[in-house]
Amino acid sequence: MELLEKVRRANSAKSEFLSHMSHDLRTPINGILGMLAIIDKSPDDLQRQRECLDKIRVSTEHLLSLVNDVLQISKLESGRPTVVREPFDLRDALENCITILSAQAEKEGIQLVLEETGLQHNRLIGNPLHLKQILMNIVDNALKYNRPHGSVFVRVKETACQGGTADYQFVIEDTGIGIGEDFQNHIFEPFTQEHQDARTHYSGVGLGMSIVKKLVDQMKGTIEIDSQVGRGSVFRVTLPLQIDGAQSTRPVDDEQNTRSNIAGMRILLVEDNEINCEIMEFMLKEADAKVVTANDGKAAVDAFTAADPGTFDCVLMDLMMPVMSGYEAARVIRGLDRPDAKSVPIIALSANAFEEDVAMAKAAGMNEHLAKPVDIKKMFQVMSRLKC
């Protein structure tokens, strides 16, 4: 009977998941198709076309955010914790979060304030991506469910330090609508929202706080909520983070200061999807780069081998392709007996964006991994840096 009940609950959860997904995926897709239909019917109304394109962009960004959240939940539910240990600057990570969300806050007319107190150790070792995901999900909710001209305060302080590990408390306080006492007991469950009409207004799908809780648990931290309806909410996240004992002076993120001028660069673009290839080739040529395309890994190897040494300044490589994958193509290129085989920068461009995909790309000899949809500005910065 106990096993039967577990199966029943699992089937119920699966049905609920599929029901939510059907609604939440179709909503932005319907918006995109609708706006495209309006554009088709408004060939001479440039203002209407611009408005439709803006709405298409909003719908697409929402759809991408939903896919990312579902994949993140799936990975966390698998029970395989991701161990990432890299040096980072806590202050930079916090400022990045605020910078990314400041546009949303400004649009909503909400004051977003970062306050730092008592940070004796700023250089840390850990997973800065997970830290930023935790903070950004909470702050994002604080902005979404705030009042007009409200405020969100992000406070950070170092509360303890022992044995090379420091405890940091992150407090996110808002002046929003608050959370009911009953719902606070369910806020970390997937697909739960206190206001069921939230989906209609693109306010998310109820995965953000579930992701936060799983990431906090994975980082061996704690999260507490203090909220009252109509009076706002306070989230307190405490995380133990390892101090970077080397106190390295190396820059954490050189991309911020890297010139992104790729004019004149000779690029081998390897992409099997015709539309993706056309978009990427257009962007590269708009930046005055010279582009040679290949539609699979073997064609890329052939094009590289046939060209004189030093012909290509960079290789942009898709990973999942017919005939020969990007991984195999990179290994073959690195193994060629020619002077530029070992030194030519190879950048992976892939929709496979988990940490293990990045590790596999590096193991195959690639210099960097950029997830699709590709941030063009970041790609240009990486290309410029690797060229130097």
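**Exercise 1. In which sense do strand β4 and β5 pair, and over how many bridges?**

The model is predicted: local features need pLDDT of at least 70, side-chain atom pairs count only at pLDDT 80 or more, and totals for chains, interfaces and linings use all residues. Residues are numbered from 1 along each chain as its sequence is written, and side-chain values use heavy atoms, without hydrogens and water.

Step 1. Fix the elements. Strands (E, at least two residues) and helices (H or I, at least four) are DSSP runs, numbered from the N terminus. Two strands pair if DSSP finds at least two bridges between them.

Step 2. Read the pairing. Strand β4 (residues 151–162) and β5 pair in the antiparallel sense over 10 bridges. Val152 stands opposite Asp174 in β5.

Step 3. Check the turn. The hairpin of β4 and β5 has 2 residues between the strands, and Gly163 takes a positive phi near 60 degrees there.

**Exercise 2. Find the pairing of β5 with strand β7, then judge the burial of β5.**

Step 1. β5 and strand β7 (residues 232–243) pair over 9 bridges, in the antiparallel sense. Tyr168 has Leu239 in β7 as its bridge partner.

Step 2. Apply the burial scale: buried is under 20% relative accessible area, exposed is over 50%, and partly exposed is in between (1.4 Å probe, protein chains only).

Step 3. In strand β5 (residues 165–174), 7 of the 10 residues are buried, so the strand is largely enclosed by the rest of the structure.

**Exercise 3. Lay out the open sheet and find its edges.**

Step 1. The sheet has 5 strands in the order β9-β8-β10-β11-β12, with parallel pairing.

Step 2. β9 (290–294) and β12 (368–371) each have a single partner strand, so one side of each lacks a neighbour in the sheet.

Step 3. Neighbouring strands are turned by 20 degrees against each other on average, direction ignored.

Step 4. Strand β11 (residues 346–350) runs parallel to β12 and is joined to β12 by 4 bridges. Ser350 has Ala371 in β12 as its bridge partner.

Step 5. Add the helix. Helix α9 (residues 326–335) packs on the sheet and touches β10 (314–318) and β11. Contact means heavy atoms within 4.5 Å. The direction of α9 makes about 150 degrees with that of β10.

**Exercise 4. Describe the surroundings of Leu269.**

Step 1. Leu269 lies in strand β8 (residues 266–270).

Step 2. Its relative accessibility is 1%, so Leu269 counts as buried.

Step 3. Leave aside neighbours within four places in sequence. The contacts of Leu269 then include Cys277, Met280, Leu284, Val291 and Leu316.

Step 4. Leu269 and Asn295 are 26 residues apart in sequence and 8.5 Å apart in space, C-alpha to C-alpha.

**Exercise 5. Characterise the packing of α4 on α6.**

Step 1. Axes are lines fitted to C-alpha atoms, for helices over the stretch in contact, and angles run from 0 to 180 degrees between N-to-C directions. Helix α4 (residues 128–144) and helix α6 (residues 208–218) pack at about 145 degrees, with axes 9 Å apart.

Step 2. The contact residues include Ile134 and Ile138 of α4, and Ile211 and Leu215 of α6.

**Exercise 6. Classify the aromatic pair.**

Step 1. Rings of Phe, Tyr and Trp (its six-membered ring) pair if their centres lie within 6.5 Å; planes under 30 degrees apart count as stacked, over 60 as edge-to-face and the rest as tilted.

Step 2. A search of the whole structure finds 1 aromatic pair. The ring centres of Phe304 and Phe312 are 6.2 Å apart and the planes stand at 20 degrees, so the pair is stacked.

Step 3. Both Phe304 and Phe312 are buried.
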